[in-house]
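Here are a few exercises to work through with the model open in your viewer. Try each task before you read its solution.

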Amino acid sequence: MIARVRDVSISRKLLAVAALIWAGAAAADDDVIADNPLVEIPGGPFVFGNDTGNENEQPEHIVKGRAFAMNQTEITNVQYRRFVAATGHRAAFYDRHPVLGLPDHPVVGVSFADAEAFCAHYGLTLPSEQEYERAARGPQGARFPWGDAPVDAARANYGRDACCDGDDITAPARSFPLGASREGLLNLVGNVWEWTRDFYVPYNGQASPEIVGKYRVLRGGAWNSDPTRLSTTYRLAYDPDFRFAANGGFRCVRSSD
């Protein structure tokens, strides 16, 4: 259950728990996906949403989340190929691309159902929006996984100031250690957008009928995103059946609920 706590100072409330949460971070005991360990994210209160962001990121509030474990990096091409070989599932659309298909780069060209099937094969799920956001920004609501310092080329793989005109494409999943989250997860912003398991609805619940149950949410921005899309709270509604995006991937979680 996620409980909203009203009328509190976000900064004061979370200072007391920050040290404990930091100390509790650790790798899970078993790595169900080879070369991509699950990293434990402790439960507890954290900041969710952003009052200074887009309307669909508001309101900012504190929620109480359950503990979960998340893959340290995006799922890579070699990891996805093992899944395809084991199950007969279709290959990623860009599986043999000369760069996008490199073994250690994040898999792209996968639909929501493809990503969901991969995670389910390993007894995992796609993250919820709240799980993604807690992993990406920590309990105190940082703008980026590394804190509030502006994004730069040492911390993330992203595009130029005008959206979607980046010169590069995906980087290896273990790139940008300076951009790691407090628990050591990599590329939670930049490199590739990441599927979450949630349907897109405004946080206030007032969704127009034409979007209800139609779109899933991508998080994190990608190699060709401008900096405005690289925050830990930016939400992108996306067609779950589309599998041709060269900038969309995923990682999995083990939830406690």
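**Warm-up: the whole chain**

Among contacts between residues at least 6 apart in sequence, 72% join residues at least 24 apart. Keep in mind that this is a predicted model.

**Exercise 1.** Work out how many helices and strands the protein has, and what share of its residues is buried.

*Solution.* Start with the secondary structure: there are four helices and eleven strands. Next, go through the 257 residues one by one, and 52% of them turn out to be buried. Finally, look at the outside: the accessible surface is about 11300 Å², with 54% of that belonging to carbon and sulfur atoms.

**Exercise 2.** Find the order of the strands in the open four-stranded sheet, and name its edge strands.

*Solution.* Trace the pairing across the sheet and you get β9-β8-β7-β10, with mixed pairing. The strands at the edges are β9 (235–238) and β10 (248–249), each of which pairs on one side only. Now zoom in on β8 (residues 216–219) and β9: they run antiparallel and are joined by four bridges. To get the register, note that R219 sits opposite R235 in β9.

**Exercise 3.** Determine how helices α2 and α3 are oriented to each other, and which residues make their contact.

*Solution.* First, the geometry: the axes of α2 (residues 77–87) and α3 (residues 112–121) come within 11 Å and cross at roughly 80°. Angles of 65 to 115 degrees count as roughly perpendicular, so that is how α2 and α3 lie to each other. Then list the contact: α2 brings Q79, Y80, F83, A86 and T87, while α3 brings D114, A117, F118 and H121. Sort those residues by type and you have five nonpolar, three polar and one charged.

**Exercise 4.** Say whether strand β4 is mostly covered or uncovered, and find its register with β5.

*Solution.* Check β4 (residues 44–48) for burial: five of its five residues are buried, so to speak a mostly covered strand. Follow its pairing to β5 (residues 61–65), and you'll find an antiparallel pair joined by five bridges. For the register, F48 stands opposite H61 in β5.

**Exercise 5.** Locate Y158 and list what it touches beyond its sequence neighbours.

*Solution.* Y158 is in the loop between α4 (129–137) and β7 (193–199). Leave out residues up to four places away in sequence, and Y158 touches V151, D152, A153, A222, W223, S225, P227 and L230. As a last step, take the distance to V192: it is 34 residues from Y158 in sequence, yet their C-alpha atoms are 8.9 Å apart.

Note on methods
Residues numbered from 1 in each chain as written. Predicted model: local features only at pLDDT ≥ 70, side-chain atom pairs only at ≥ 80, totals over all residues. Heavy atoms only, no water. Helix = DSSP H or I, 4+ residues; strand = E, 2+ residues; numbered from the N terminus. Buried < 20%, exposed > 50% of the residue type's maximum accessible area, 1.4 Å probe, protein only. Contact = heavy atoms within 4.5 Å. Areas by Shrake-Rupley, 256 points an atom, 1.4 Å probe, with all protein chains shown as cover. Pairing = 2+ DSSP bridges. Axes fitted to C-alpha atoms, helices over the stretch in contact; angles between N-to-C directions. Parallel < 35°, antiparallel > 145°, perpendicular 65-115°, else oblique. Nonpolar A, V, L, I, M, F, W, Y, C, P; charged D, E, K, R; others polar.
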